[in-house]
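User: I would like to learn how the terms used for a structure are justified, going from the value to the definition and then to the conclusion.

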Amino acid sequence: MNQDRIYPSESAHSPYLCPPEMQNEDLFKKVVSHCKEYGFVFPSSEIYDGLAAVYDYGQNGVELRNNLRQYWWKSMTQLHTNILGLDAAIFMHPKTWKASGHVDGFSDPMIDNKDSKKRYRADVLLEEHQEKLRAKADKEVEKARARFGDSFDEAMYRQTNPRVVEYLNAIDHIDQTLKTGLESGNLDIIRDLILELGIVCPVSGSKNWTDVRQFNLMYSTQMSAVESGEDSLYLRPETAQGIFVNFLNVQKTGRAKIPFGIAQTGKAFRNEIVARQFIMRMKEFEQMEMQFFCKPGTELEWYAYWKQARLKWHLALGTNPAAYRYHDHVKLAHYANAAVDIEFEFPFGFKEVEGIHSRTDFDLNRHEEFSGKKLRYFDSETNESYVPYVVETSIGLDRMFLLTLCNAYTEEQVDNEVRTVLKLHPALAPVKAAILPLAKKDGLPEIAEKIYNDLRFDFNLYIEDKDSIGKRYRRMDAIGTPFCITVDYDSAANEDVTLRYRDTMEQKRVKIAELRDMLQSETSMASLLRGLV
Ligand code: ATP
C-alpha cells in the first residue's frame, strides 16, 4: 500500500487530509478511541459489556451522521427533478424476501476451527490466501523489473515465468473451485480446498476445521404473540425491496416519467458472523439506496452516468481522489449485467463503501411473479407497457461515517504539543461555530449569549466560558468545529469578535453583524451541493 498516495501532506485537491507520518494501524486505533472520547460512537449497551458489532452514536456522531445523510438525500432528491423520496417500513410481507431471493440465497459459507472455536467465512479465508499468492507473484515481478531495467516487459513476464504462472494458476484454481462449490451447493468441495491449501486458523494455527455450512444472514421475528411459523417476519437486510414493491405507488402518485429514480435511507439488519473493524461491518446499519428505473436497452448508459456521478459526490467533499478506486465486478450476480464497487483506502486497505449495480428487470419481474400484480410502466407516448430496467446505487451510511473520520483525523505538532483536529468538510461538521467569551465577567458572557441567541436558529452552535481559551480551542478542533468566535474586551466598543479558523488557526477580526453571512457561505450544505452540478 502506498501511504503517500492516501495522506499526502499537500494536495491540490483538498485541505481535508491526514498527515503522512501516521502509521495505518495506529491511525485506525486512534480514530476508534477518538470516536469514544469525543462522543461520536459508543459500543451498544456498554454498561452490560457491549453487544458485538452493534454501536450507538453519541452527541457529535448523530450530527455528523445526519449531515452525511442530508448531503446524500439532497443530492438525490433536491438536485434531480426526476428522483423522488420514500420511507418504507422495516417489516415487509414475508413473500418479499422469497421473491427477492434472500430466503434461499442470502447466506455466507461458514467454517469453524475446532481448536480456537472461532468461526470464519470460508470464502474470505480463500480470498485472503489468494491475496498472499498475488503478493508473491508481484514480488517476483518487482525483482525481475529491478534486474531487467527499462527493457522489462511485465505482461510477457507474467505469462511466461514459471513461478509467476504457478501462483496465478493457483489463484484461478481457487476461484473456479469456490464457484463450483457454491453453485452446486456441495460445500465439501470448499472444505477440501481449504485443507488442500493448508490454510490454518489465524488464532490456533491448526487445520482442525469443521464442515462448511451456509448461514442465512437475515434476522427473523414473529408478527403475532403466538409462534406459528407461518407469520415469521424478517428484519429487512436491505432497503431496496421497499422501493421495488412501491414502484408503481410512487410512479403513479408522483406522475413520474421514465427515466426516474426512488431514493430511500433507513436501517438494515444482517447477522454478520464475522463482524470486524468497528462500524465497518455491523449487524444493524443504515443504507442510502436509490433505484433508477429506465427503459430496457438504456440501462448501461445510466449505469455509466451513475458510476461517475457517485464518485463525484464522494470527491466533492474534498477527499484526495487517489484514496478512491473503482472495483468492477468480474463475476456478476445472475440478475446483473454490470456492477462496480466504489472502494476507499481505509487504514486497513481498500474496501467497498458503495455499490452501483445494473439489476436488469429481475426484481420487478420476481415481485410480479410472487404477488400476481402487474408492475409495469405505461409509456403514454409510445403506447407500450413494459417492466423497466433498474440501476441501483447503494451506500452504507456507517461506512461513509468511518471513511469521513479516517480521512479527517489529523495530528499536528503545535508549540511542542500535539494538536488533534478533525478536518471535516465544514458542511459536515457537527458544530459549525463555538462562541467563547474570553472571561466570565465584565459583560463578555452577555455579548456571547446575544450572538448565540441571534445565530442559533440558523446554525448548530456551542457556547462555553469554562477553562482557558487554548483548551477550549483544542476541544473544538477535536470535534471538527470549523470556526471559533472569541468575544474579548474590544468586542463591546467595536462590535466585533475574533474569528479563528480551525485548519490554519489563523485569526482575524470580524464585525458581529457579518457573522451570519460568513457562516452561511462557509458552512452551508448548499455550497457543498453546488459542487455537484
Ligand atoms: P460487503 O461485501 O462489504 O459485505 P455487500 O456487497 O454485501 O458488502 P451491499 O449489499 O451491496 O453490500 O450493500 C451496500 C452497502 O451497504 C455496502 O457498500 C456497505 O457500504 C453497506 N453495508 C453492507 N453491509 C454492511 C454492514 N454489515 N455494516 C455496515 N455497512 C454495510
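The exchange below takes up the ligand and then a sheet with its helices.

Analyst: Please keep in mind throughout that this is a predicted model.

User: What makes the pair between the ligand and the side chain of E272 a polar contact?

Analyst: A nitrogen atom of the ligand is 2.8 Å from an N or O atom in the side chain of E272, and because a polar contact is a pair of N or O atoms within 3.5 Å, the pair qualifies. The side chain of R270 has an N or O atom 2.9 Å from an oxygen atom of the ligand, and this pair therefore qualifies too.

User: How do you know which elements contribute to the shell around the ligand?

Analyst: The ligand is surrounded by 14 residues, and the elements that give two or more of them are β10 (284–294), β13 (349–360) and β16 (389–396). With 4 residues, β13 gives the most.

User: Why are β20 and β19 called paired strands?

Analyst: Pairing requires at least two bridges found by DSSP, and since β19 (residues 433–437) and β20 are joined in the parallel sense over 3 bridges, they therefore count as a pair. In this pairing A433 of β19 stands opposite L461 in β20.

User: What makes β20 an edge strand in its sheet?

Analyst: The open sheet has 5 strands in the order β20-β19-β21-β22-β23, with mixed pairing, and β20 (461–463) and β23 (507–511) are its edge strands because each pairs on one side only. Across this sheet, helix α15 (residues 444–455) lies over β19, β20, β21 (483–487) and β22 (496–501), and runs at about 160° to β19.

Definitions and conventions. Residues numbered from 1 in each chain as written. Predicted model: local features only at pLDDT ≥ 70, side-chain atom pairs only at ≥ 80, totals over all residues. Heavy atoms only, no water. Near = heavy atom within 4 Å. Polar contact = N/O pair within 3.5 Å; in protein donor to acceptor, adjacent residues only side chain to side chain. Contact = heavy atoms within 4.5 Å. Axes fitted to C-alpha atoms, helices over the stretch in contact; angles between N-to-C directions.
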